[in-house]
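Visitor: Before I accept the labels attached to this model, I would like to hear how each of them is arrived at. Could you take me through the reasoning step by step?

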Amino acid sequence: MSEAPTVIRPDHEVLIVGAGFGGIAAAIELREAGIHDFVLMDKHDGIGGTWYVNTYPGIAVDIPAVFYSLSRMPFTSSSRFFPPGHEIQQYIERVVDAYGLRRRIRLSTTVDGARWDETDHLWRVTVNGGEEVTARYVIGALGLLEVAKLPDIPGIDTFAGHKVHTARWDHDYDYDGKRIAIIGTGATALQLIPELAKVASHLTVFQRTPIWLAPKPDFRIDWGLDKVLSGVQPVRAAVRGAIASGIDMGLIGGVLSLRRMPKVMPYVTKAGGALYKLWLRDPELAEKLTPTYAPGCKRPSMSNEYFSTFKQKDRVALITEKIVRITEHGVLTADGVEHEIDVLVCATGFRVGERGFAPAFHIYGETGEELGDFWHEHHYHAYQGVSVPNWPNMFMVGCGPNSIIPSSILVTIENTAAHARRAIVETRRRGATKVDVNRPAYDDWAKFCTERTEGSMWVTAPCAGSNTYYVNYQGELAIRPTTGLNQWWGNRHFPFRHYTFSTRLGQTPVPTGVSATVGVSEVVEPRPPATRLPRKAT
Ligand code: NAP
């Protein structure tokens with residue numbers, strides 16, 4: 001008599017890594033599909049991802065609240081057209097409560113690595129330095145701007161004053177009346193600089209590359225407009241539709257003229273420079289603040305206060321000399337001047353598109369290969385921005401290569417979460433336990449993305465010197481070269497023949513509960529080089 005096959009019960013049907021917008025949107029998709037056995041793990045001790053971590057003064061989003069919200073839940077309590085960070089965090093907390101997700105979230109839990117188990121058709125995930133958690137499916141909602149980057153300037157560790165990165169703002173420190181320096185003039189810095197200028201006795205801004213920005217049409221909406229824009233469903237739908245279509249029109253234009261843009265952009269750059277002169281009405285400042293690369297090479301920004309801050313010349317200095325080193329008391333520049341300061345603020349961004357930071361931990365697929373190594377060898381791609389062959393039952397939400405369109409990140413998040421849901425639901429419907437994207441489908445998608453972006457302005461002369469993180473260390477454009485509509489359709493209607501569904505004898509996806517919270521940790525260092533794990537003996 002033959003023995004009955006062993007039924008493997010993973011700890012969870014789905015393990016979602018990350019409890020920011022991506023993880024929360026994925027959890028909502030699963031819940032709506034009737035899948036309730038999932039757990040969200042997050043290394044931080046609170047939910048919200050980027051909005052939990054980034055709390056520097058002046059933080060806000062530059063997308064209107066009516067569009068910077070999940071399609072399933074309106075953002076009805078924004079005080080301004082462009083909501084400040086703490087209101088977005090409050091919105092996230094409300095979403096989590098509205099969908100009953102809180103008890104499924106395991107905070108202070110760092111995922112260290114994951115390995116596909118082909119015998120049992122499940123993922124073995126190591127958390128908090130040793131504990132093993134198993135899951136049939138893993139959704140990586142890891143975010144993109146995740147690992148804070150301190151500047152690689154000599155002497156940075158010798159500075160004796162107060163040093164802070166914008167993604168770890170120190171709210172206990174008293175910045176009032178201090179001599180503050182800030183390194184970086186990106187989207188974060190331009191929100192923070194006007195706030196620092198209000199409290200500092202003197203502010204020194206170190207700029208390596210200037211930024212393109214436009215005026216911000218921001219205003220209060222809590223006199224009732226918030227309720228109309230986000231609370232009246234037909235209005236909300238119309239406004240969201242109008243914004244999405246407007247962005248898509250721009251993207252169609254952009255995509256159609258990707259090859260022509262390198263020729264046109266030098267003229268756009270000149271026109272932008274002329275507008276800067278008019279706006280600043282200070283030739284010396286205009287000279288320093290005008291980028292030489294084309295608008296759009298980096299994410300465009302908005303501010304009404306950034307430029308005027310530099311007009312307070314007795315209190316605010318804009319330094320464009322190269323930084324040579326950080327000293328005990330300040331910043332030494334190439335002209336030999338040591339700028340003495342009490343506080344050094346690093347608005348130097350995040351590790352994006354760098355080797356060793358995507359994915360943020362080792363993920364060993366079916367062949368035993370590590371995902372970062374595979375991408376390094378075959379270039380960074382994911383089918384529809386979501387899945388990779390030989391990494392079965394794994395989906396990336398809002399963080400995969402070629403997943404993001406230049407719109408609200410929430411659009412990408414919802415579309416890729418819908419992809420994960422559709423693939424998981426279909427696998428279960430077929431009684432299968434494994435779903436793996438086919439290599440030809442993946443290769444076709446990779447070829448499409450590469451061919452569309454080859455010769456575009458981001459990888460040619462107009463963006464030279466922009467240091468844009470849209471282009472990864474292999475020189476490839478990391479964004480999805482399609483419209484939002486194409487992204488929406490592609491992730492919701494991909495042919496099932498692009499995936500292979502299979503079943504292990506005796507496998508039945510079985511739900512179980514959620515475990516407890518343990519320890520705090522943060523990934524800030526590049527991962528050590530991957531070592532190929534021996535495959536589990538079968
Ligand atoms: P970022 O755009 O990467 O800017 C980092 C800044 O630090 C750049 O000016 C960079 O100069 C400078 N820098 C880095 N290393 C340096 C070094 N060693 N020496 C001198 N300067 C150095 O980072 P971010 O400003 O934090 O913004 C990151 C992203 O966050 C944005 O692109 C955006 O997607 C998001 N964000 C969005 C909003 C919003 O309202 N939606 C607000 C804030 C941030 P180089 O340019 O020369 O490299």
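**Reasons behind the labels**

Guide: Let us begin with a helix contact in this model, which is predicted: Val411, Thr412, Glu414, Asn415, Thr416, Ala418, His419 and Arg422 of helix α11 meet Gly484, Gln487, Trp488, Asn491, Arg492 and His493 of helix α13.

Visitor: How is the packing of α11 and α13 described, and what angle do they make?

Guide: Two packed helices are described by the angle between their axes together with the distance between those axes. For α11 (residues 409–429) and α13 (residues 484–493) the angle is about 15 degrees, and the axes are 7 Å apart. That angle makes α11 roughly parallel to α13, since angles under 35 degrees count as roughly parallel. As for handedness, α11 passes α13 in a left-handed crossing.

Visitor: What makes α1 and α3 roughly parallel to each other?

Guide: The axes of helix α1 (residues 21–32) and helix α3 (residues 85–98) come within 11 Å and cross at roughly 25 degrees. Set against the cut-off of under 35 degrees, this value leads to the conclusion that α1 and α3 are roughly parallel. The contact is made by Phe21, Ile24 and Ile28 on the α1 side and by Ile88, Tyr91, Ile92, Val95 and Val96 on the α3 side, and the crossing of α1 and α3 is left-handed.

Visitor: Turning to the sheets, which strands form the open sheet with parallel pairing, and in what order?

Guide: That open sheet has 5 strands in the order β7-β16-β8-β9-β12, and the pairing is parallel. Neighbouring strands of this sheet are turned by 15 degrees against each other on average, with direction ignored.

Visitor: Why are β7 and β12 called edge strands?

Guide: β7 (162–165) and β12 each pair on one side only, and this is what makes them the edge strands. The pairing of β7 is with β16, in the parallel sense over 4 bridges, and within it His165 has Cys346 of β16 as its bridge partner. At the other edge, 4 bridges join β9 to β12 (residues 316–319), again running parallel, and Leu203 has Val316 in β12 as its bridge partner.

Visitor: How do you know that β8 and β9 are paired?

Guide: Two strands pair if at least two bridges are found between them, and 5 bridges join β8 (residues 179–183) to β9, with the two strands running parallel. One of the residues involved is Ile182, whose bridge partner in β9 is Val205. With helix α4 (residues 187–199), the strands β8 and β9 make a right-handed β-α-β unit; α4 lies across β8, β9, β12 and β16 and runs at about 175 degrees to β8.

Visitor: Why is β9 said to be largely enclosed by the rest of the structure?

Guide: Of the 5 residues of β9 (residues 202–206), 4 are buried, and β9 is therefore largely enclosed by the rest of the structure. Here a residue counts as buried when its relative accessible area is under 20%.

Visitor: What makes β13 and β15 edges of their sheet?

Guide: The open sheet in question has 3 strands in the order β13-β14-β15, with antiparallel pairing. Because β13 (323–326) and β15 (338–340) each have a single partner strand, one side of each is left without a neighbour in the sheet. The twist averages 25 degrees from one strand to the next. β13 pairs with β14 (residues 330–333) in the antiparallel sense over 3 bridges, and Ile326 stands opposite Val331 in β14.

Visitor: What is notable about the backbone at Asn402, and is its side of the ledger buried or exposed?

Guide: Asn402 has a positive phi of about 55 degrees although it is not a glycine, whereas most residues other than glycine have a negative phi. Asn402 lies in the loop between β18 (394–396) and α11, and at 2% relative accessibility it counts as buried, the cut-off being under 20%.

Visitor: Why does Asn467 count as partly exposed?

Guide: The relative accessibility of Asn467 is 49%, so Asn467 counts as partly exposed, a class that lies between the limits of 20% and 50%. Asn467 is found in the loop between α12 (439–453) and α13, and it has a positive phi of about 55 degrees although it is not a glycine.

Visitor: Which peptide bond is called cis, and what is its omega?

Guide: The bond from Ala358 to Pro359 is cis, with omega near -5 degrees, whereas most peptide bonds are trans. Pro359 is found in the loop between β16 (343–346) and β17 (362–364).

Technical notes
Residues are numbered from 1 along each chain as its sequence is written. This is a predicted model: local features need pLDDT of at least 70, side-chain atom pairs count only at pLDDT 80 or more; totals for chains, interfaces and linings use all residues. Side-chain values use heavy atoms; hydrogens and water are left out. Buried means under 20% relative accessible area, exposed over 50%, partly exposed in between (1.4 Å probe, protein chains only). A crossover is right-handed if, with the strands pointing away from the viewer, the path from the first strand over the helix to the second runs clockwise. Axes are lines fitted to C-alpha atoms, for helices over the stretch in contact, and angles run from 0 to 180 degrees between N-to-C directions. Angles under 35 degrees count as roughly parallel, over 145 as roughly antiparallel, 65 to 115 as roughly perpendicular and the rest as oblique. A crossing is left-handed if the near helix is turned anticlockwise from the far one by less than a right angle, and right-handed if clockwise. Contact means heavy atoms within 4.5 Å.
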